[in-house]
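Reader: I am new to this structure. Please take one strand and walk me through its surroundings closely.

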Amino acid sequence: MQSILQSALACVVGAVEITTDPSGVTFHRSPSTARARLGDIGLDSMSAVPAGVRIEALTDASALEFDVELTEFLILGATSSGSAFDLALDGELRDPVITKEQTLVVVDPVTWAMEHQPAGPVTLRFDLGASGTERRVEIWLPAGAMLKLLDVRITDGSSLRPAPATGPLWVHHGSSVSQCAEADRPTGTWPAIVARAAGRSLLNLAIAGQSHLDQFTARAIRDLPATAISLELGLNILNADSMRERAFVSAFHGFLDTIRDGHPTTPIVIVTPIICPIAEDHPGPTPVGPDQQIHVVKRPAELAADALSLSRIRALLHQQSVVRYKEGDVNLHIIDGLTLFGLDDVADLTDGLHPNARGYRRMAARFLPLAFGDEGPLR
């Protein structure tokens, strides 16, 4: 096998930045300036989870090998099902390759103490069949673990080069419900399912815990050559209790104003939060308890003014989208998150907040016709 790391990096799709240091290569989904300024371990860590990131290449090799280091965060008491990698060969999806060789960072939800359970590098092999004929290969990286790429190899005498894009660029931004760490495979996240079915090239800017109408995210989207944009908004603001109504409405308009500076007529879909029963009519924050379920925090009545519940966030997103539409933004549309995952679906919530793999597939099946169908705004 011959090392082709640099050639492989030229085939990476779905990352905002690729950073290289002596320990390896990391695919980030947020800008380095934002990570440096905020100094937030959550943003830095979840940005390095390569949800939606993949290698798209043309190769005549009979096998590919990846050397990687993986790190997964777990709540104390939870168990890891490992990290899955997906191979699509000439568009045909094969069985996932799964490894449990990964460093675990176990977080106590009460004290926030972290225990590291280290693991070393692992080699993943993808068999492509007989060599000699050039085929399109996609390797989708995990949606739930941080990844550092150490090396890529192909069979001796073979070549590898970037493949053409699968379609126009669709940029999606959102919360952990769009990063989909609970999916059973990288192509099982609901944005990946939709992108593959709609013939779009996905850039998934959904970073767990980090959807707060940040200007650095809006500027990143503004500068991308997107032909379709969707924004799943509001859930992380509730989770962190990071805004009240006055700031939320202003931040929503500022976020869209910045995107519109680069995309004045590009169709944009706002996706309101899916159901979270405990927070429908109660503001956040929503910490995880020892039972691995999310909870809300009681607060005195004097602190409740203008606090945001999920039902109020949905109402504001609908109201303010109408305001912008009346101002002339006829390419702004909204999809109610409850139509994607609502009251009848709560049995498929893993922790009261995140859908399981079956729930994400259902979300994809519902979002696809609403957004990319014959009458969909992103078609």
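Author: What follows is a close look at strand β7 and its partners. This is a predicted model, in which local features need pLDDT of at least 70 and side-chain atom pairs count only at pLDDT 80 or more, while totals for chains, interfaces and linings use all residues. Residues are numbered from 1 along each chain as its sequence is written, and side-chain values use heavy atoms, with hydrogens and water left out.

Start with the strand itself. Strand β7 covers residues 83–89. Strands here are DSSP runs of E with at least two residues, and helices are runs of H or I with at least four, numbered from the N terminus. Seven of the seven residues of β7 are buried, so the strand is largely enclosed by the rest of the structure. Buried means under 20% relative accessible area, exposed means over 50%, and partly exposed lies in between (1.4 Å probe, protein chains only).

Now take the two faces. S83, F85, L87 and L89 point one way from β7. A84, D86 and A88 point the other way. Residues on both faces are buried.

Next come the neighbours. Two strands pair if DSSP finds at least two bridges between them. β7 is joined to strand β13 (residues 135–140) by four bridges, and the two run antiparallel. Within this pairing, L87 stands opposite I139 of β13.

Strand β9 (residues 97–99) is another partner. Three bridges join β9 to β7, again antiparallel. Here S83 has T99 as its bridge partner.

Then there is strand β8 (residues 92–93). Two bridges link β8 with β7, and they run antiparallel. A88 is bridged to L93 in β8. β7 and β8 form a hairpin, with two residues between them. In that turn, D90 has a positive phi of about 50°.

For a parallel case, look at strand β4 (residues 24–28). Five of its five residues are buried, so β4 is also largely enclosed by the rest of the structure. G24, T26 and H28 point one way, and V25 and F27 the other way. Strand β3 (residues 17–21) runs antiparallel to β4, joined by five bridges. One of the pairs is T20 with V25. β3 and β4 form a hairpin too, with two residues between them.
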